[in-house]
Amino acid sequence: MKFLVVDDSQTMRRIVNNALKSIGYDEIIEAEDGKDAMAKLYIENVNFVITDWNMPVMNGLEFTKAVRADEQFGNMPILMVTTRGMKEDVMEALQARVNNYVVKPFTPQVLKEKIEQIMKTL
Amino acid sequence: MELENDGGILDKINELRALFIFGQRVIPFLEELFYFVNDMAPILEEINSSIYESTRRIPRASSQLSKVTEETEVATKEILDNLDGVLGKLDKIDANFHNAVADLTNLQALDDEMSTIVRRSLGPNKLKALNEISAIQERKRSHIAALRSNAAGLEKNLKLIRRSSNDIMMSLQVQDITAQQIASVNHLIQSVQERLSGIIDRFKMSGDQVVDKIDVNGDVAFDPLAVYDRSDKRQKTADEIINKSNLGKRNPDTLRHQAPNPASQDEIDRLFRKG
């Protein structure tokens with residue numbers, strides 16, 4: 001399964017990358033904002049997206065909406081991993097139709113749990 | 001007619017008198033006001049220069065905060081590089097370790113094989129030699145058992161080192177969170193500086209001195225409420241909302257149905273007919 005990790009922080013990209021490897025997922029590509037990620041979706045055979053919310057150029061919410069509106073990637077599993085932990089934030093992300101939501105700082109165990117939950121519903 | 005005129009003049013005189021009386025009363029107040037303004041001027045000038053100095057220093061404070069973010073990012077990258085190195089070495093040690101355990105098993109099997117051949121060659125008459133071989137074999141087995149036990153301990157410690165390395169790595173999320181907190185403070189500082197610069201411009205304070213603008217490095221997106229909270233309280237809140245939304249039970253078809261559907265030709269035609 002190929003993952004696309006979208007985060008403007010290089011540190012976070014590396015951390016998510018390593019967390020994915022530690023739970024057994026090795027195929028990972030990265031993007032630094034929603035626009036970059038959208039471009040990568042078209043050229044890479046991505047199966048799962050993990051995206052941050054607060055990013056310049058195109059944030060995670062806008063990116064999720066753009067993916068959902070796209071005929072080709074409308075059903076792409078999207079897991080949002082963000083510092084935003086208010087109820088309103090989760091509701092907003094749900095309205096944008098993310099598949100699940102992880103609040104930073106996270107553990108590889110939580111990441112694994114959410115990925116598996118999403119995969120079960122597909 | 002003359003009387004009427006006299007009355008008018010008297011009124012005017014009275015008005016003038018009242019004005020003089022009022023003037024007499026106001027003059028001391030005006031004098032006081034004049035002295036007050038005179039006294040206030042240097043104080044105001046001091047306030048002006050103080051605002052100017054504070055405003056002038058804000059970009060430096062802001063740039064120092066940005067530097068903190070940059071430096072912690074560099075340090076975090078170094079730690080991550082080192083951790084990657086440690087984890088890479090652990091992978092190699094793990095692989096070598098499993099090979100060593102397999103070699104130990106193979107060694108034991110070869111030894112048993114050799115022992116069988118020796119026993120067969122010596123035959124039942126060489127009982128003393130056979131007993132000696134058995135004793136040596138027993139000692140060998142206990143050494144191999146000790147090696148296996150050490151290996152199990154080593155494996156356990158390797159797992160602990162791996163777990164600790166991963167824990168350190170996950171703790172480094174603090175860098176992203178503090179970077180967002182600093183970006184939020186910087187944004188606040190920038191707003192304050194803009195307001196103060198506006199005041200300086202409006203009152204033309206401190207002569208022709210110009211206040212430097214804060215140099216913000218590109219677009220920075222941040223969560224003003226970012227917090228490094230290791231408890232799972234916020235995750236539980238998110239989980240509750242997700243579970244209530246029944247999202248976990250969705251299937252791709254549901255998602256597909258919820259994706260914006262293009263309008264059918266019939267629907268478009270109906271809209272145009274209404275017009």
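How much space lies in the second largest cavity? About 30 Å³. The legends below describe close-up views of a predicted model.

**View 1. The second largest cavity is lined by residues of chain A and chain B.** A search of the whole structure finds two cavities of 30 Å³ or more. The second largest of these holds about 30 Å³ of space. From chain A, the lining takes A:Q10, A:T11 and A:R14. From chain B, it takes B:E73, B:K77 and B:L80. Two elements give two or more residues each to this lining: α1 of chain A and α1 of chain B. By class, the lining has one nonpolar, two polar and three charged residues. Rolling a probe the size of a water molecule over the atoms shows where empty space is left.

**View 2. A salt bridge links B:D84 to A:R14.** The closest N and O atoms of the pair are 2.6 Å apart. A:R14 is also one of the residues that line the second largest cavity. Four salt bridges are counted between chain B and chain A. Over all chains, the structure holds 20. Side chains of opposite charge can pair when their charged atoms come close.

**View 3. Chain B meets chain A over a buried area of about 3600 Å².** Carbon and sulfur atoms give 59% of that area. The contact involves 44 residues of chain B and 40 residues of chain A. Across the interface, 13 residue pairs are in polar contact, both partners being at pLDDT 80 or more. On the chain B side, the elements that give two or more residues are α1 (2-122), α2 (127-171), α3 (173-203), α4 (233-244) and α5 (252-258). The largest share comes from α4(B), with seven residues. The side of chain B that touches chain A has 19 nonpolar, 11 polar and 14 charged residues.

**View 4. The second largest pocket is lined by residues that include A:N18 and B:R162.** About 480 Å³ of space lies in this pocket. It is lined by 19 residues. The closest to its centre are A:N18, A:S22, A:I23, B:R162 and B:N166. In chain A, α1 (10-22) and α5 (108-121) each supply at least two lining residues. In chain B, α1 and α2 each do so too. The largest share, six residues, comes from α2(B). The lining divides into four nonpolar, six polar and nine charged residues.

**View 5. The peptide bond from A:K104 to A:P105 is cis.** Its omega is near 0°. A:P105 sits in the loop between β5 (100-103) and α5 of chain A. The α5 helix of chain A also supplies at least two residues of the second largest pocket's lining.

**View 6. A:V57 has a positive phi.** The value is near 65°, in a residue other than glycine. A:V57 lies in the loop between β3 (48-51) and α3 (60-69) of chain A.

**View 7. A:D36 and A:K40 form a salt bridge within helix α2 of chain A.** The closest N and O atoms are 3.7 Å apart. The helix spans residues 34-43. The two partners are four residues apart, about one turn of the helix.

Definitions and conventions: Residues are numbered from 1 along each chain as its sequence is written. Chains are lettered from A and ligands numbered from 1 in the order in which they are written. This is a predicted model: local features need pLDDT of at least 70, side-chain atom pairs count only at pLDDT 80 or more; totals for chains, interfaces and linings use all residues. Side-chain values use heavy atoms; hydrogens and water are left out. Contact means heavy atoms within 4.5 Å. Buried area is the accessible area (1.4 Å probe) that two parts lose on being put together, summed over both. A salt bridge is a side-chain nitrogen of Lys or Arg within 4 Å of a carboxyl oxygen of Asp or Glu. A polar contact is a pair of N or O atoms within 3.5 Å; within protein, one must be able to donate a hydrogen and the other to accept it, and residues adjacent in sequence count only if both atoms are side-chain atoms. Ala, Val, Leu, Ile, Met, Phe, Trp, Tyr, Cys and Pro count as nonpolar, Asp, Glu, Lys and Arg as charged, and the others, Gly among them, as polar. On a 1 Å grid over the protein atoms alone, a cavity is a set of points where a 1.4 Å probe fits but cannot get out, and a pocket is an open set with protein on both sides within 12 Å along at least five of seven lines; lining residues have an atom within 4 Å of a point. Grid points are joined across faces, edges and corners, and a volume is the space filled by probe spheres set on the points.
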